[in-house]
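Visitor: I am new to this structure. Could you walk me through it, one question at a time?

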Amino acid sequence: EMPRMNGLEVTRSLRNHEDTRALPVVMITSRATDRHQAMATEAGVTRMLGKPFSEDGLVALVRELVAG
């Protein structure tokens, strides 16, 4: 957990500002249940990765999102 805002709150904040609305958001979490996935989608998370995750997979995902 982050000290003042959790990842969903950060994402909602990003989505509420014109300058960051289209910024891709990748959430890495140990909470990857269907419920948490739905909450992430509702908040505007672009992609959600469950822990443990592949570093190579993360790099590939970031490259894909930056290129798109």
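Visitor: How many helices and strands does the secondary structure of the chain come to?
Guide: Welcome! This is a predicted model, where local features need pLDDT of at least 70, side-chain atom pairs count only at pLDDT 80 or more, and totals for chains, interfaces and linings use all residues. Residues are numbered from 1 along each chain as its sequence is written, and side-chain values use heavy atoms, with hydrogens and water left out. Helices (H or I, at least four residues) and strands (E, at least two) are DSSP runs, numbered from the N terminus. By that rule, the chain has three helices and two strands.

Visitor: In what order do the elements run from the N terminus on?
Guide: Helices and strands take turns in the notation, with α for a helix and β for a strand. Read from the N terminus, the order is α-β-α-β-α.

Visitor: What radius of gyration does the chain have, set against that of a compact globule?
Guide: The radius is taken over C-alpha atoms, and the globule rule is 2.2 Å times the number of residues to the power 0.38. For 68 residues the rule gives a value near 11 Å, so the chain agrees with it at 12 Å.

Visitor: What share of the 68 residues is buried?
Guide: Buried means under 20% relative accessible area, exposed over 50%, and partly exposed in between, using a 1.4 Å probe and protein chains only. Of the 68 residues in the chain, the buried ones make up 18%.

Visitor: How do β1 and β2 pair, and over how many bridges?
Guide: Two strands pair if DSSP finds at least two bridges between them. Strand β1 covers residues 26-29 and strand β2 covers residues 47-50. Their pairing is in the parallel sense, and the bridges number four.

Visitor: Which side chains of β1 point to the buried face?
Guide: In a regular strand the side chains alternate between the two faces of the sheet. In β1, Val-26 and Ile-28 point to one face and are not buried. The buried residues that point to the other face are Met-27 and Thr-29.

Visitor: Which residue in β2 stands opposite Met-27?
Guide: The partner is in strand β2, and it counts as buried because its relative accessibility is 15%. Contact means heavy atoms within 4.5 Å; not counting residues up to four places away in sequence, this partner touches Met-27, Thr-29, Arg-31, Ala-32, His-36, Gln-37 and Ala-40. The residue opposite Met-27 is Met-48.

Visitor: Where is the cis peptide bond, and what is its omega?
Guide: Look at Pro-52, found in the loop between β2 and α3 (55-67). The cis bond joins Lys-51 and Pro-52, with omega at about -10°.

Visitor: Is Glu-42 buried or exposed?
Guide: Glu-42 has its place in helix α2, residues 34-43. In space, its C-alpha is 8.9 Å from that of Arg-12, although 30 residues separate the two in sequence. With a relative accessibility of 57%, Glu-42 counts as exposed.

Visitor: How far apart in space are Arg-4 and Thr-41?
Guide: Arg-4 has its place in the segment before α1 (7-15), and counts as exposed because its relative accessibility is 81%. Arg-4 and Thr-41 are 37 residues apart in sequence, and from C-alpha to C-alpha the distance is 21 Å.

Visitor: And how far apart in space are Glu-18 and Val-66?
Guide: Glu-18 lies in the loop between α1 and β1. At 61% relative accessibility, Glu-18 counts as exposed. Glu-18 and Val-66 are 48 residues apart in sequence, and their C-alpha distance is 18 Å.
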